[in-house]
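Let's walk through this structure together, from its overall layout to a few individual side chains. Keep the sequence and the 3D view open as you read.

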Amino acid sequence: MALQFIGIDPDTGQSGSPTAWVDLENADIVLQSYTADEATRAQCVENTAPGHAKGIPTHETVIRVPVRLVPMLREACDAAERAAL
């Protein structure tokens, strides 16, 4: 796997570092961010996508991405599109 670093939360310190990368082999966006708390997870379960079973599959998780990372997500989306070509 070859990850292209896109960016890190500009307000990060030495720990707690929401980060975005793009996997150059399959153009997936890879995110590291804060684990969602139980209240957020419960809301996600209650607001399940139409046509899907309730719950969070064991192979998935819910994360929170701080708004400060939005510019990096836009850049990651562009990089993923380029990698997919």
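Throughout, a residue is called buried when its relative accessible area is under 20%, exposed when over 50%, and partly exposed in between, using a 1.4 Å probe and protein chains only. This is a predicted model, where local features need pLDDT of at least 70 and side-chain atom pairs count only at pLDDT 80 or more, while totals for chains, interfaces and linings use all residues. Residues are numbered from 1 along each chain as its sequence is written, and side-chain values use heavy atoms, with hydrogens and water left out.

Start with the overall layout. The protein has two helices and five strands; here helices (H or I, at least four residues) and strands (E, at least two) are DSSP runs, numbered from the N terminus. Following the sequence, you meet them in the pattern β-β-β-β-α-β-α. The C-alpha trace spans about 35 × 35 × 20 Å along its principal axes. Of the 85 residues, 22% count as buried. Contact here means heavy atoms within 4.5 Å, and among contacts between residues at least 6 apart in sequence, 48% join residues at least 24 apart. The protein exposes about 6000 Å², of which carbon and sulfur atoms supply 54%; these accessible areas come from the Shrake-Rupley method with a 1.4 Å probe, and for residues only the protein chains shown count as cover.

Now look inside. A nonpolar core is a set of buried Ala, Val, Leu, Ile, Met, Phe, Trp, Tyr and Cys residues joined through side-chain atoms within 4.5 Å. The largest one has nine residues: Ile6, Ala20, Val22, Ala27, Leu69, Met72, Ala76, Ala79 and Ala80. Strand 2 (19–23) and helix 2 each supply at least two residues of this core, and the largest share, four residues, comes from helix 2. Ala79 makes a handy viewpoint: leaving aside neighbours within four places in sequence, Ala79 is in contact with Gln4, Ile6 and Val22.

Next, turn to the loop between strand 1 (3–8) and strand 2, where you will find Asp9. Is this acidic residue buried or exposed? Asp9 counts as buried because its relative accessibility is 1%. Not counting residues up to four places away in sequence, Asp9 touches Pro18, Tyr34, Pro66, Arg68, Leu69 and Met72.

One of those partners brings us to the charged pairs. A salt bridge is a side-chain nitrogen of Lys or Arg within 4 Å of a carboxyl oxygen of Asp or Glu, and by this rule there are four. In one of them, Arg68 meets Asp9 at 2.7 Å, N to O. Arg68 sits in the loop between strand 5 and helix 2 and Asp9 in the loop between strand 1 and strand 2, so this pair ties together parts that are 59 residues apart in sequence. Arg68 also forms a salt bridge with Asp11, with the closest N and O atoms 3.3 Å apart. Asp11 is exposed, at 58% relative accessibility, whereas Arg68 is partly exposed, at 33%.

For a local pair, try Glu38 and Arg41, whose side chains meet in a salt bridge at 3.8 Å, N to O. Both lie in helix 1 (residues 38–46), three residues apart, about one turn of the helix. Glu38 is exposed at 61% relative accessible area, while Arg41 is partly exposed at 23%. Returning to the earlier loops, salt bridges that share partners join Asp9, Asp11 and Arg68 into one network.

Another loop residue worth a visit is Ser33, between strand 3 (29–32) and strand 4 (34–35). Ser33 counts as buried because its relative accessible area is 18%. Beyond neighbours within four places in sequence, Ser33 is in contact with Pro18, Ile63, Arg64, Val65 and Pro66. Among these, Val65 lies in the loop between strand 5 (63–64) and helix 2 (70–84) and is partly exposed at 32% relative accessibility.

Finally, what of the cysteines? A disulfide is a pair of cysteine sulfur atoms within 2.5 Å, and by this rule the count is zero. The sulfur of Cys44 is 19 Å from the closest cysteine sulfur, in Cys77, and therefore too far for a bond. Cys44 is partly exposed at 33% relative accessibility, and Cys77 is partly exposed at 38%.
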